[in-house]
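Colleague: Hi! Could you put the model up and walk me through it?
Modeller: Sure, here it comes.

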Amino acid sequence: MNSKITALFFLLCCCMAVQVHATVEKQDSALIKRVFAFGRNTTDFVSDSADAYTKYYIKIDRRNLLLGTAPTLYHLLRDGGRLFFGESYGTVFFKKNHEVHFVPKIRTSTIYHNHQVFDVVNTYFTPRVYSETLFDNRVLSPFNRFNAHFYIYKTVSYSSDSAVIVAKPRIKNTQLVQARAVIDVKTGQIRSFNLDGEYDMLKFSIHGQLQHDGMFAIVPQTGQGSFKFSYLGNKINARCSTVYTPCRNNNILSGQIPHNPVAAMKQLRPTPLDEREQTVIDSLLATERSDTADSKTVRKIKKVIFKDIGANIFEHMKADIGIDSVRKAQLRLGPVFNPLYFGYTHTKGISYHFDLQGRYFFNDNNNINLRAKIGYSFKLKEIYFRIPLTWNYDIRHNGYAGLTFRNGNRITNSMVLDAIRDERADSIDWEKLDLDYFKDTNLRFFTGHDIIHDRILLETGIAIHHRSAVNKKQLAALGRSVHYTSFAPFVTVQYTPSGSKGPVLTAQYERSFKDIGHSNTRYERWEFDEQYIYDIPCMRALKIRSGIGFYTNRSSGNYFLDYYNFHENYISGGWNDDWSGEFSLLPSQWYNASKYYVRGNLTYESPLLFLSFMPLAGQVIEKERVYFNILAVQKLWPYCEVGYSFTNRVFSAGFFIGFSNHKFEGAGLKFGLELFNNW
């Protein structure tokens, strides 16, 4: 009898447990759906501003010379100390497009010359918890409905007005975080949150406080974060905090920058420093007295070695010049030497690239952009450059003018058509055809303006090419010309039927005339191109490109097959630069060996695809892609490539195979270093 009662009691307990568990699951689901609904109904704030105070404390556990290759951290090599402290006070401007721009008024730092480091962590203080991504199109937010299938949710405490919910990723990946949030039970609004994760060399733990309404219902008004940075034997810990307050007129900040920033900061900081921070900042005054005691010669030597020579060789240069919310100029310059700028492809071998970007703002509707990209191919022993200068004189209506100066790959003239006329595609050996190669330098003037705003763009200009033979003596001995010049006006019409986020349809016509500007080449070229990037929730995208091109009205024997939308890219810039639109294994000669081409490119990109689900390796995979490319040219059609690539905090790698109707064309690897690309 007792055993029956015990069994009945056990069965009753199990039923109650199942019912309680079902109730808890239902409660968890209802609460997180309420959070998703609040996020959907929250409209993003309009442009606004606030006073911003930030302080940081840095402790170096390990340090070596390789730290100099990390952006801004070269400054930590100069000092012998291992504890650093800094503060900044100014105005932060929140833009509609999620851009955050900080204009500092006062900065203090115990790092020499008052330098600022770890600028990359600034993004982590303004997470958008309701958006698909937390930090500037990276790291999937657990509080957005599109990302729910990546997380497991659990309510750990519950009361009549608030609850604490925990979100854990289903797999361990750098694009996912562990989160803990205090939720308003009635509305589903997040009151405060903690985020723990690791992305782009930084292991972070962030706490933020949100308000009931206004701008700070979306962006935390106060935030604290701790960061761990491990890199090639270097280990650094940093602790930072930020406080945003409504803008107010302050006598301390009126007029010029205070002569004594340390004293001014003491009056401005919203909370006093703790004992450890005060000890470090007291060393700033002692350091300044020590520098003053040095002789002028010693100070000059230190400046030359550490500030001028060292900084220019190893340090990234970033400068924003502006007044209040208006930036007048921007400069982005990579270090002169950076081992992270090397890349590799199967066809071009090892290459090194260098990038310079500059921008000057006349006003919100008028600016000038300059970008110089320079690369060197060790296999081809060639320096390549592309320097576009663009004046955007009417940004609202897409009005612009400019020029592009660049050199191109080695190219052959139309004699290549005769050389391969009697050959089969599977038997062509380019090295044995004894083709004559030319170096190409070209200058392109252009201007464009929307005919119908955000729908139809008309661009016109002139393209000038000067091609000189690589082996001038051999051609001169045969009585052939060693220089060819073309002067070609062109017109381009671009149609975007669905606006800026829809497909882009382009038609271009270019014709070269003889006897204009020393031109000795005549041709007509037509090209039609279609590009579309279809954005899918959870940082996924489907990228589609197709196009055709052909030559008409050609000179006999002395024109060059050189397409605008179908050419070899000799200056690759990493994951986001033409990886999805190239033929990675196609020999460069095929780009200039046909009077026509028909192409198609399809790429699917996702942060969590194949490798992301593998143990250990999948933890650091940031994005993955699969490719399918198809091409038709004379003597080679159809030519197909399929591929797969991935990127992580250090490098990106792609694997491709090519084949045609004749044979298997081969396999190849594409490699690029991505370290600190987001810094």
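Colleague: Let's start with F118. Where is F118 found?
Modeller: F118 sits in the loop between β3 (100-109) and β4 (151-158). Keep in mind as we go that this is a predicted model.

Colleague: Okay! Is F118 buried or exposed?
Modeller: F118 counts as buried, because its relative accessibility is 6% and the cut-off for buried is under 20%. The backbone there is worth a look too: F118 has a positive phi of about 55 degrees although it is not a glycine.

Colleague: Which other residue has a positive phi although it is not a glycine?
Modeller: D515 is one of them, with a phi of about 65 degrees. You will find D515 in the loop between β22 (504-512) and β23.

Colleague: And is D515 buried or exposed?
Modeller: D515 counts as exposed, at 73% relative accessibility.

Colleague: While we're on the backbone, which peptide bond is cis?
Modeller: The bond from W637 to P638 is cis, and its omega is near -10 degrees. P638 belongs to strand β27 (residues 636-648).

Colleague: Let me zoom out. How many helices and strands does the protein chain have?
Modeller: The chain comes to seven helices and 29 strands. It has 679 residues, and 46% of them count as buried.

Colleague: What about contacts along the chain? How much comes from residues 24 or more positions apart?
Modeller: Taking the contacts with a separation of 6 or more, 58% are between residues 24 or more positions apart.

Colleague: New topic: rings. How many aromatic pairs are there in the whole structure?
Modeller: A search of the whole structure finds 33 aromatic pairs. One of them is Y484 with F560, an edge-to-face pair at 5.5 Å centre to centre, with 70 degrees between the planes.

Colleague: Which parts does that pair tie together?
Modeller: Y484 lies in strand β21 (residues 483-495), while F560 is in the loop between β24 (540-552) and β25 (596-606), so the pair ties together parts that are 76 residues apart in sequence. Y484 is buried at 8% relative accessibility, and F560 is buried at 3%.

Colleague: Can you show me a stacked one as well?
Modeller: Try F651 and F671, which form a stacked pair with 5.4 Å centre to centre and 25 degrees between the planes. F651 is in strand β28 (residues 651-660) and F671 in strand β29 (residues 664-673), so this pair ties together parts 20 residues apart in sequence.

Colleague: How accessible are F651 and F671?
Modeller: F651 is partly exposed at 26% relative accessibility. F671 is partly exposed as well, with a relative accessible area of 29%.

Colleague: Which residues do ring pairs link into a cluster?
Modeller: Y523, Y551, Y563, F566, F583, Y591, Y597 and Y639 are linked into a cluster by ring pairs.

Colleague: And which residues lie over the face of a ring?
Modeller: Two to look at are R276 and R444. R276 lies over the face of Y57, at 4.6 Å from the ring centre. R444 lies over the face of F490, at 3.9 Å from the ring centre.

Colleague: On to holes! How many cavities of 30 Å³ or more does the structure hold?
Modeller: There are four of that size. We can look at the second largest, which has a volume of about 150 Å³.

Colleague: What lines the second largest cavity?
Modeller: The lining has 16 residues, and R444, H465, E510, R525 and D562 lie nearest the centre. That is the R444 that lies over F490. By class, the lining has eight nonpolar, two polar and six charged residues.

Colleague: Which elements give two or more residues to that lining?
Modeller: Those are β19 (437-452), β20 (456-469) and β23 (523-536). The largest share, four residues, comes from β20.

Colleague: Last one: what is E382 in contact with?
Modeller: Leaving aside neighbours within four places in sequence, E382 is in contact with G375, Y376, S377, R410 and K439. E382 is found in strand β16 (residues 382-394), and E382 counts as buried at 10% relative accessibility.

Notes
Residues are numbered from 1 along each chain as its sequence is written. This is a predicted model: local features need pLDDT of at least 70, side-chain atom pairs count only at pLDDT 80 or more; totals for chains, interfaces and linings use all residues. Side-chain values use heavy atoms; hydrogens and water are left out. Rings of Phe, Tyr and Trp (its six-membered ring) pair if their centres lie within 6.5 Å; planes under 30 degrees apart count as stacked, over 60 as edge-to-face and the rest as tilted. Buried means under 20% relative accessible area, exposed over 50%, partly exposed in between (1.4 Å probe, protein chains only). A charge sits over a ring if NZ of Lys or CZ of Arg is within 6 Å of the ring centre and within 35 degrees of the ring normal. On a 1 Å grid over the protein atoms alone, a cavity is a set of points where a 1.4 Å probe fits but cannot get out, and a pocket is an open set with protein on both sides within 12 Å along at least five of seven lines; lining residues have an atom within 4 Å of a point. Grid points are joined across faces, edges and corners, and a volume is the space filled by probe spheres set on the points. Ala, Val, Leu, Ile, Met, Phe, Trp, Tyr, Cys and Pro count as nonpolar, Asp, Glu, Lys and Arg as charged, and the others, Gly among them, as polar. Contact means heavy atoms within 4.5 Å.
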